[in-house]
Amino acid sequence: MSDLDFVRADMLALDGLAHAFTTRSGGVSEAPYDSLNLSWKDGDNKAHIAENRARVTAALGLDKLVFANQVHGKTVHRVDAAPVGVWSVGEGDALMSDVPGLGLVAQTADCTPILLFDLETQACAAIHSGWRGTVQNIAGETVAAMGREYGTQPDALFAAIGPAISAQNYRVGPEVLEQFEALFGTLDGLALTRDAEGGAGLDVSEACRRQLVAAGIPQTQVERINACTFDDPRFFSSRRAKGGQFGGQGGIIGLTNQSA
């Protein structure tokens, strides 16, 4: 397991907290899923995926990784125990918990992974935010859900936005841009110059950052890791695969048992 290569956020380097944004390194999957594929859905050998997940679990000092069947929506699941006999708690795009040993996973292959930690209540969350989930404000929904379930105050949250596709490599059509402009009131700082067809490169991670701040998290407590999953071969990328098969990495967060 020495060749596992995790990307970590300074913001979440805290005692009792495990977190990581995984890369392709350190697993057993074969091409085109090589090698640390965490995604169950796209045709890789299930035994290989289970081994990859086991390696990550052990490396982070956790008991079990917990997943959701991601559907680009805004459902947030509270996780009080690992699901029995399966990996997933059901359809949704965010997971939250205050139970030590559970590693909450947001799977991505260009979409934006977000990890949250409440220093006061010791609750954490993992969010998958593609453009559709961002339009539905899954980030803000998760902050609100943590408030309802754990009493989280937004100004006690620390947030890390992980590797995702950059605006330079993520052209969307005018119909998507219109939704973001309606949501934010402007595309300044969110999209590149429109092309002849009215499309443009879109910075979904910046939109997520703005939503976290709008939800009450201080800007100084939001860290963005500026690594592009399309450009950087350390990561899986749906767009780079151009419709072919590909694996997925994960943004993972969980309380270690030492924090119990």
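The lining of the largest cavity in this predicted model divides into four nonpolar residues, six polar residues and no charged residues. These residues are Phe-21, Thr-22, Thr-108, Pro-113, Pro-163, Thr-229, Phe-235, Gln-249, Gly-250 and Gly-251. Strand E13, which covers residues 249-255, gives the most to this lining, with three residues. The volume of the largest cavity is about 40 Å³.

A search of the whole structure finds two cavities of 30 Å³ or more. Rolling a probe the size of a water molecule over the atoms shows where empty space is left. The second largest cavity holds about 30 Å³ of space. Its lining is formed by Ala-68, Gln-70, Asp-93, Ala-94, Leu-95, Val-105, Ala-106, Ala-126, Ile-127 and His-128. By class, the lining of the second largest cavity has seven nonpolar residues, two polar residues and one charged residue. Strands E5 (94-97), E6 (102-108) and E8 (123-129) each supply at least two residues of this lining, and E8 gives the most, with three.

The largest pocket has a volume of about 720 Å³. Of the 34 residues that line this pocket, Lys-41, Gln-70, His-72, Gln-107 and His-128 are the closest to its centre. Gln-70 and His-128 also belong to the lining of the second largest cavity. At least two residues of the pocket lining come from each of strand E2 (64-69), E6, E8, helix H2 (131-135), H5 and helix H6 (238-241). Strand E2 gives the most to the lining of the largest pocket, with three residues.

The table sets out the classes of lining residues.

| Space | Nonpolar | Polar | Charged |
|---|---|---|---|
| Largest cavity | four residues | six residues | no residues |
| Second largest cavity | seven residues | two residues | one residue |
| Largest pocket | 13 residues | 15 residues | six residues |

Several of the strands named above also take part in a sheet. This open sheet has five strands in the order E1-E13-E6-E2-E4, with mixed pairing. Its edge strands are E1 and E4 (88-91), each of which pairs on one side only. On average, neighbouring strands of the sheet are turned by 20° against each other, direction ignored. Strands of a sheet pair through backbone hydrogen bonds, either parallel or antiparallel.

In which sense do E1 and E13 pair? Their pairing is antiparallel and runs over five bridges. Within this pair, Leu-17 has Leu-255 of E13 as its bridge partner, and Phe-21 stands opposite Gly-251 in E13. Phe-21 and Gly-251 are both among the residues that line the largest cavity.

Is strand E1, residues 17-21, mostly covered or mostly uncovered? Five of its five residues are buried, and the strand is mostly covered. In a regular strand the side chains alternate between the two faces of the sheet. In E1, Leu-17, His-19 and Phe-21 are buried on one side, and Ala-18 and Ala-20 are buried on the other.

Helix H5, which spans residues 204-214, is one of the elements that supply the lining of the largest pocket. Its buried residues are Val-204, Ser-205, Glu-206, Ala-207, Cys-208, Gln-211 and Leu-212. At the start of this helix, a side-chain oxygen of Asp-203 comes to within 3.4 Å of the backbone nitrogen of Ser-205. Just after H5, Gly-216 adopts a positive phi of about 110°.

Note on methods: Residues numbered from 1 in each chain as written. Predicted model: local features only at pLDDT ≥ 70, side-chain atom pairs only at ≥ 80, totals over all residues. Heavy atoms only, no water. Buried < 20%, exposed > 50% of the residue type's maximum accessible area, 1.4 Å probe, protein only. Helix = DSSP H or I, 4+ residues; strand = E, 2+ residues; numbered from the N terminus. Polar contact = N/O pair within 3.5 Å; in protein donor to acceptor, adjacent residues only side chain to side chain. 1 Å grid on protein atoms, 1.4 Å probe; cavity = no way out; pocket = protein on both sides within 12 Å on 5 of 7 lines; lining within 4 Å. Points joined across faces, edges and corners; volume = space filled by probe spheres on them. Nonpolar A, V, L, I, M, F, W, Y, C, P; charged D, E, K, R; others polar. Pairing = 2+ DSSP bridges. Axes fitted to C-alpha atoms, helices over the stretch in contact; angles between N-to-C directions.
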